[in-house]
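Q: I am new to this structure and would like a close look at its aromatic rings and at the parts around them. Please take me through them slowly, in one connected account.

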Amino acid sequence: MTREWTTPRLRLTPVAVTDADAFVALEIALRSLETPPRDAPDPVTWAGYLAQFVAVWDDGPLGYWTARRDGEVVGFGGVKPKRWRERDCWNLYYRLHPSRHGSGLATELARAAVAAATVTRPEWPVLVETRPTNPAALAVAERAGLTRRPDLDDDGWAVLLLER
């Protein structure tokens with residue numbers, strides 16, 4: 001199984017600790033859009049999150065990628081194993097820089113992640129848990145083939161699944 005993937009517009013490589021500056025910059029950019037904007041993230045805390053993402057690749061065949069377009073980091077996403085409701089599944093994650101919102105890149109990234117998950121462990125469902133007030137995240141998940149499951153919504157989170 002290859003660790004790197006490409007799509008028509010993206011190069012997807014496993015996240016690395018060297019991506020820390022881009023990872024924090026993405027979070028700063030996303031927070032700046034909120035009303036009111038949240039404080040800047042603590043770089044040490046966010047470096048810890050990134051280290052957790054990097055460690056996933058040490059334990060298995062898939063994890064989160066750094067997404068680049070023309071050499072520039074445009075976001076992060078992919079799938080990682082998750083135990084959810086007594087089942088093994090793939091947790092689908094995607095975050096792109098606000099300058100790339102509306103470009104279709106999140107859908108492209110999500111579809112690549114679903115394809116990788118399906119090839120790697122097709123018996124595992126692909127899962128997205130997001131706020132129901134996040135229509136963009138819901139739309140990307142649906143365009144990637146997941147279906148909203150209101151019967152599984154939990155504690156303020158919308159659940160979308162792709163089961164084979």
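Aromatic rings and their surroundings

A: Tryptophan 46 has a relative accessibility of 13%, and therefore counts as buried, the limit for that word being under 20%. The model is a predicted one, and this residue is a useful place to begin. Tyrosine 49 has a relative accessible area of 35%, so this residue is partly exposed. Both tryptophan 46 and tyrosine 49 belong to helix 2, where they stand three residues apart, about one turn of the helix. Across the whole structure, a search finds nine aromatic pairs. One of them joins tryptophan 46 to tyrosine 49 in an edge-to-face arrangement, with 4.8 Å from centre to centre and 90 degrees between the planes.

These two rings also belong to a wider group, since ring pairs link Phe23, Trp46, Tyr49, Phe53, Tyr64, Phe76 and Tyr93 into a cluster. Phe23 leads to helix 1, where it is buried along with Val24, Leu26, Glu27, Ala29, Leu30 and Arg31. Helix 1 covers residues 20-32, and its 13 residues reach 18 Å from the first C-alpha to the last, close to the 18 Å expected at 1.5 Å a residue. Its buried residues pack against helix 2 (43-59), strand 4 (72-84) and strand 5 (87-96).

A second aromatic pair can be set beside that of tryptophan 46, which is buried at 13% relative accessibility. Tryptophan 90 and tryptophan 124 form a tilted pair, with centres 4.8 Å apart and an angle of 50 degrees between the planes. Because tryptophan 90 lies in strand 5 and tryptophan 124 in the loop between helix 3 and strand 6, this pair ties together parts that are 34 residues apart in sequence. Tryptophan 90 is buried, with a relative accessible area of 0%, and tryptophan 124, at 15% relative accessibility, counts as buried too. Over the face of tryptophan 124 lies arginine 121, at 4.9 Å from the ring centre. Elsewhere, arginine 131 lies over the face of tryptophan 157, at 3.8 Å from that ring centre.

From the rings one can turn to the interior. In soluble globular proteins, nonpolar side chains tend to be buried together. Here the largest nonpolar core has 46 residues, and those with the most contacts inside it are Trp65, Leu92, Tyr94 and Leu146. Helix 3 (residues 105-120) gives this core its largest share, nine residues. Another core, of six residues, lies apart from it, and includes Cys89, Leu127, Leu152 and Val159.

Val159 brings us to strand 8 (residues 158-162), which is largely enclosed by the rest of the structure because five of its five residues are buried. Ala158, Leu160 and Leu162 point one way from strand 8, whereas Val159 and Leu161 point the other way, and all are buried. Strand 6 (residues 126-130) is joined to strand 8 by five bridges, and the two run antiparallel, with valine 128 standing opposite leucine 160 of strand 8. Strand 7 (residues 147-148) also pairs with strand 8 in the antiparallel sense, over two bridges, and threonine 147 has leucine 161 of strand 8 as its bridge partner.

How values were computed. Residues numbered from 1 in each chain as written. Predicted model: local features only at pLDDT ≥ 70, side-chain atom pairs only at ≥ 80, totals over all residues. Heavy atoms only, no water. Core = buried A, V, L, I, M, F, W, Y, C linked by side-chain atoms within 4.5 Å. Buried < 20%, exposed > 50% of the residue type's maximum accessible area, 1.4 Å probe, protein only. Helix = DSSP H or I, 4+ residues; strand = E, 2+ residues; numbered from the N terminus. Pairing = 2+ DSSP bridges. Expected span 1.5 Å × (residues − 1). Contact = heavy atoms within 4.5 Å. Phe/Tyr/Trp six-rings, centres within 6.5 Å; stacked < 30°, edge-to-face > 60°. Lys NZ or Arg CZ within 6 Å of the ring centre and 35° of its normal.
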